[in-house]
Amino acid sequence: AERSSIQNPTLLLKRIPPIRPEHGFLVQLVEYLWQRIPTCASFCVICDQPHVVGTGALIKPTVCNRALCVFQFQDKKFGFDSVSGILEDNSVVPFLVTVAKAAAESSRAQLIFEPYPSIMDPQNNQRFLYSPDARNLNEVRKVFSAFPSFTKQEYMDHGEQQSIESLQGKHPHAWLMLQWVISSNRSHIVRLSEEYHLPSMHTPHQFLLVTAAPEKQHEFSDLKAQCGGRTMFAWHGSPVDNWHSILRRGLTKDTKYLLNGNAYGAGVYVSPNLQMSLGYSQRCPVAGALKGLRDGTVAGAIAGARERDTYLPPIGSFTCVALCEIIPEGLKQHGDIWVVPQDSHVLTRFLFAYERGKSPSEGVDQRTTDPAFLEEIHRAMGAYGLL
């Protein structure tokens, strides 16, 4: 069969090819699958309609932002397997749980714990256990307190049913909350394999956002194409408790979320200087912070993580810094302080986690304008088809 030239996926990808008398139904079916399968992520997995604002080419099938579809996606658990996810995603699921727990326990939880859980009672489909319309942070915190530390051995020793029973034994809603944390994340996050680590970053906890949430990804990709694919990179530091919301909605210039003001005008604040952004990452530790590194060095952090075989340090004992891809149009530069005027011009691309204790400054002073460091970035992104 001759492959069709598809210019507009939201209009043409679901078109059923005509039956040709010389070929018959099977050829028609193959032609239809040929145009649908490579681009199935352009459509909602629930309603099979194009995403509300379009998506471009996504890697991970996901749900659109229509309220009914989001709820059904969580309720039906499409694509959800939490235990295998903890093992196969290699710390992505524990990371999502950790930042969600940090947001729920934060003193700013009323503002930054967004989205808030929407979980139906499995015994009564007319009743919500947790709903944004009836917030109860104290109850949510009780559920999160039941979550154990995430270690590989813990989940290798138990099957799925045992893991469910273990969580529910600590709190009857813990397993449901875990399902919601995973299914409410519509970005595609992977932990970088060691061969593609950015060696200059001196941490085993390195994550790549292959795609953001569909609406954010679509808007950024369109703008990037309009400027000929030219982008820059810069750091953004934010406390751990902010990342639950950022991963789902993106960085924002909305002043109600600001902790440090906007002396250089409205926009998303980033920096080419890692040390400046790390400072902002550590300014607002979550409640119940634990003690930091054993010997206060980056080398000790890496060695300690490997000895314990843990996916992440305990909540409250690590900081997180993002490496963002930005569209330079309208960018305002004030020394090492850069201001991106539009939310749509910045996309979180990498996340790096460090154990708290002593600022990870030993050998970690990378500038995003350094050609050698840019080569590390491009190598990692190229491995996942992002260049």
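Which residue is the bridge partner of Phe 318 in β10? Glu 355 is the one. That pairing comes up again in the views below, which are taken from a predicted model.

**Figure 1. The whole protein, to get your bearings.**
Let's start with the full chain of 387 residues, 51% of which are buried. Count up the elements and you get 15 helices and 10 strands. Among contacts with a separation of 6 or more, 72% are between residues 24 or more positions apart. As for the outside, the protein exposes about 18000 Å², and carbon and sulfur atoms supply 52% of that.

**Figure 2. Strand β7 and its cover.**
Here we zoom in on β7, which spans residues 318–326. Nine of its nine residues are buried, so the strand is largely enclosed by the rest of the structure. You can check this on each face in turn. On one side sit Phe 318, Cys 320, Ala 322, Cys 324 and Ile 326, all buried. On the other side are Thr 319, Val 321, Leu 323 and Glu 325, and these are buried too.

**Figure 3. The strands that pair with β7.**
Stay with β7 and look at its partners. Strand β5, residues 232–237, is joined to β7 by six bridges, and the two run antiparallel. To find one of these bridges, pick out Ala 234 and go across to Cys 324 in β7. β10 also pairs with β7 in the antiparallel sense, this time over nine bridges. This is where Phe 318 meets its bridge partner in β10, Glu 355.

**Figure 4. His 345, in the loop before β10.**
Where does His 345 sit? Its place is in the loop between β9 (337–340) and β10. Is this histidine buried or exposed? His 345 counts as buried, because its relative accessibility is 9% and the cut-off for buried is under 20%. Setting aside neighbours within four places in sequence, you'll find His 345 in contact with Phe 220, Leu 223, Glu 325, Ile 326, Ile 327, Glu 329 and Val 340. Two of those names should ring a bell: Glu 325 and Ile 326 are among the buried residues of β7.

**Figure 5. The largest cavity and its lining.**
Now for some empty space. The structure holds two cavities of 30 Å³ or more, and this view shows the largest, with about 100 Å³ of space in it. Thirteen residues make up the lining, and Ala 212, Lys 216, Ile 246, Leu 247 and Gly 250 lie nearest the centre. Sorted by class, the lining has eight nonpolar, two polar and three charged residues. Which element gives the most to this lining? That's α12, with four residues. Both α12 (243–249) and β10 (346–355) supply at least two residues each.

**Figure 6. Helix α10, covered from end to end.**
Next up is α10, which runs over residues 174–183 and is mostly covered, with 10 of its 10 residues buried. Two tryptophans, Trp 175 and Trp 180, are on the buried list. So are Ala 174, Leu 176, Met 177, Leu 178, Gln 179, Val 181, Ile 182 and Ser 183.

**Figure 7. The β1–β2 hairpin.**
Last, a hairpin: β1 is joined to β2 through two residues. β1 covers residues 119–121 and β2 covers residues 124–130. The two strands run antiparallel, with three bridges between them. To trace one, start at Ile 119 and cross to its bridge partner in β2, Tyr 130.

Methods: Residues are numbered from 1 along each chain as its sequence is written. This is a predicted model: local features need pLDDT of at least 70, side-chain atom pairs count only at pLDDT 80 or more; totals for chains, interfaces and linings use all residues. Side-chain values use heavy atoms; hydrogens and water are left out. On a 1 Å grid over the protein atoms alone, a cavity is a set of points where a 1.4 Å probe fits but cannot get out, and a pocket is an open set with protein on both sides within 12 Å along at least five of seven lines; lining residues have an atom within 4 Å of a point. Grid points are joined across faces, edges and corners, and a volume is the space filled by probe spheres set on the points. Ala, Val, Leu, Ile, Met, Phe, Trp, Tyr, Cys and Pro count as nonpolar, Asp, Glu, Lys and Arg as charged, and the others, Gly among them, as polar. Buried means under 20% relative accessible area, exposed over 50%, partly exposed in between (1.4 Å probe, protein chains only). Contact means heavy atoms within 4.5 Å. Accessible areas come from the Shrake-Rupley method with a 1.4 Å probe; for residues, only the protein chains shown count as cover. Two strands pair if DSSP finds at least two bridges between them.
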